[in-house]
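Visitor: I would like to go through this model one question at a time. Please show me the sequence and the structure before we start.

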Amino acid sequence: MSAADFAMMSQRPLMTEPAARLLTAAVVVAAGKGLRIGGDLPKQYRRVGGRAVLTRTLAALASHPGIDRIQPVIAPDATDFYRECLADLEPDLGKKLSEPVAGGATRQQSVRAGLEALAASGAAPDLVLVHDAARPYVATDLIDRAIQAGREHGAAVPGVAVSDTIKLVEPIAPGIGRVHETPARESLRAVQTPQAFVYATLIDAHRRAVAEGRDGFTDDGALAEWAGLSVVVFEGDAANRKITQPSDLIDADRTFSGGADAVSASTMTTLVSHLATGFDVHKFGPGDHVWLGGIKIPADRGVIAHSDGDVVLHALTDALLGTIADGDIGTHFPPSDEKWRGAASDQFLAHAVALVRARGGRIDHLDITVLAEAPRIGAHREAIRARVAEIAGIPIGCVSIKATTTETLGFVGRAEGLAAQAAASVRLPEICAELDAEAEQAARQS
């Protein structure tokens, strides 16, 4: 049978039967390994905003009144991960889900497995949507448009206009291509999912592709085109992004956590402990007080410093910056800049705290040791702990401070100055560690 004959026989829009309620199913493709994300856990099972990506995708589809049934397709060894996703899904939504089936080595094989499972159920749908598990942003109105376009045209895919200029190139060397053509942007669309088809049409096209040894289609729209079907593009959604890179996971976590400025560390993915230390010293000079841990302490001398000379907050700042490998206090607040002359050091620590939190970090503990013959800090210990905890936004129980002398040894023992050393314990999302590694590798290659 020719492609034209196949298309004429199998592609029949469903709007010709308005009286009958059309059964609509969705095949959710979740069998991929997500190798570009890195790590051992496939991207669809990573948590964003407290729930797995797949859970959010299933919930979006199952909550749509126009979808009657959902057929998940997962990797053969991902059953436990999938069950964890179901545990976070509302029971009413879970009723629409069929038992998952095992996918294949390619996306095309996985889609076909889902379609065949629908056929084997004895209640094949009229219309089927095929959707990528890694698109958790799918919105109700996009699903509406997919169902409508599928019913009206029989084969429809969502697309968004491209903003970049696209070049068709002919490879001439590794990483080098000669421009062959520059298509007009007005006619180009970046294709998304869910893609909608008359069910009988799509499964027939898949079966024909297998029979003819064709197994390289990366989306069902392309397979349908190969089969000779007329495929239309309806309005997609720029927000319907696919999670592909590590940065996409962080963006998703910010979005689903409801905040634009910080990753939700408690909900993201595996948290990895980071430990770093900091040290600061200042020489005594004229004055009648010193600043320690944000507390002004009377003394017979002051310190010589560009800012207020708070060795406790300076050491803590360096320790926190060390946990995210982001330089030191001089990198962010250079002493050559007159802007910071006499500046209060609490803003330095607050800045480091904000950087840690922006990476999804959770500060577990801050520890400080002051090295000085004088002043004595015993009477100020609790005030210092409280102030550091306030700046860092952590419980006071997560801050400890100690003091010691050096038994008259060295510059501290000779009462020429004072010093502080600090340690910070922070947990960061594993994905942030992967991003830092990628950035370091890119920097070495540039």
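Visitor: Does Ala325 count as buried or exposed?
Guide: This is a predicted model, in which local features need pLDDT of at least 70, side-chain atom pairs count only at pLDDT 80 or more, and totals for chains, interfaces and linings use all residues. Residues are numbered from 1 along each chain as its sequence is written, and side-chain values use heavy atoms, with hydrogens and water left out. Buried means under 20% relative accessible area, exposed over 50%, and partly exposed in between (1.4 Å probe, protein chains only). The relative accessibility of Ala325 is 69%, so this residue counts as exposed.

Visitor: Where does Ala325 lie, and what is its phi?
Guide: Helices (H or I, at least four residues) and strands (E, at least two) are DSSP runs, numbered from the N terminus. Ala325 lies in the loop between H10 and helix H11 (329-332). Although Ala325 is a residue other than glycine, its phi is positive, near 55 degrees.

Visitor: Which loop holds Ala415, and what is its relative accessible area?
Guide: Ala415 is not a glycine either, and it has a positive phi of about 60 degrees. It sits in the loop between helix H14 (410-413) and E19. Ala415 is partly exposed, with a relative accessible area of 26%.

Visitor: Which helix gives the most to the largest nonpolar core?
Guide: A nonpolar core is a set of buried Ala, Val, Leu, Ile, Met, Phe, Trp, Tyr and Cys residues joined through side-chain atoms within 4.5 Å. The largest one has 41 residues, and Leu292, Leu316 and Ile363 are among those with the most contacts inside it. Elements that each supply at least two residues include strand E14 (289-292), helix H12 (346-358) and strand E17 (362-371). With eight residues, the most is given by H10.

Visitor: Leaving aside neighbours within four places in sequence, which residues is Leu292 in contact with?
Guide: Contact means heavy atoms within 4.5 Å. With those neighbours left aside, the partners of Leu292 are Ile297, Asp310, Val311, Val312, Ile377, Ile384 and Leu418.

Visitor: At what angle do H10 and H12 pack?
Guide: Axes are lines fitted to C-alpha atoms, for helices over the stretch in contact, and angles run from 0 to 180 degrees between N-to-C directions. Leu316 and Leu320 of H10 are among the residues that meet H12, where Phe348 and Ala352 are among those met. The two axes of H10 and H12 are 9 Å apart, and the angle is about 15 degrees.

Visitor: What does that angle make H10 relative to H12?
Guide: Angles under 35 degrees count as roughly parallel, over 145 as roughly antiparallel, 65 to 115 as roughly perpendicular and the rest as oblique. H10 and H12 pack at about 15 degrees. H10 is therefore, relative to H12, roughly parallel.

Visitor: Which strands stand at the edges of the open sheet of five strands?
Guide: Two strands pair if DSSP finds at least two bridges between them. The order is E16-E13-E19-E17-E18, with mixed pairing. One side of each edge strand is left without a neighbour in the sheet because each has a single partner strand; the edge strands are E16 (302-303) and E18.

Visitor: How many bridges join E17 to E19, and what is the bridge partner of Leu371?
Guide: E17 and E19 run antiparallel, and nine bridges join them. In E19, the bridge partner of Leu371 is Ala419.

Visitor: Why is strand E4 largely enclosed by the rest of the structure, and which residues point each way from it?
Guide: Strand E4 (residues 69-74) is largely enclosed because six of its six residues are buried. In a regular strand the side chains alternate between the two faces of the sheet. From E4, one way point Arg69, Gln71 and Val73, and the other way Ile70, Pro72 and Ile74.

Visitor: Which residue of E5 does Ile74 stand opposite?
Guide: E4 pairs in the parallel sense with strand E1 (residues 24-30), over six bridges. E4 also pairs in the parallel sense with strand E5 (residues 101-102), over two bridges. In E5, the residue opposite Ile74 is Ala102.

Visitor: Which residue does a cis peptide bond join to Thr193?
Guide: The omega of this bond is about 10 degrees. The loop concerned runs between strand E10 (189-191) and strand E11 (195-198). The residue joined to Thr193 is Pro194.
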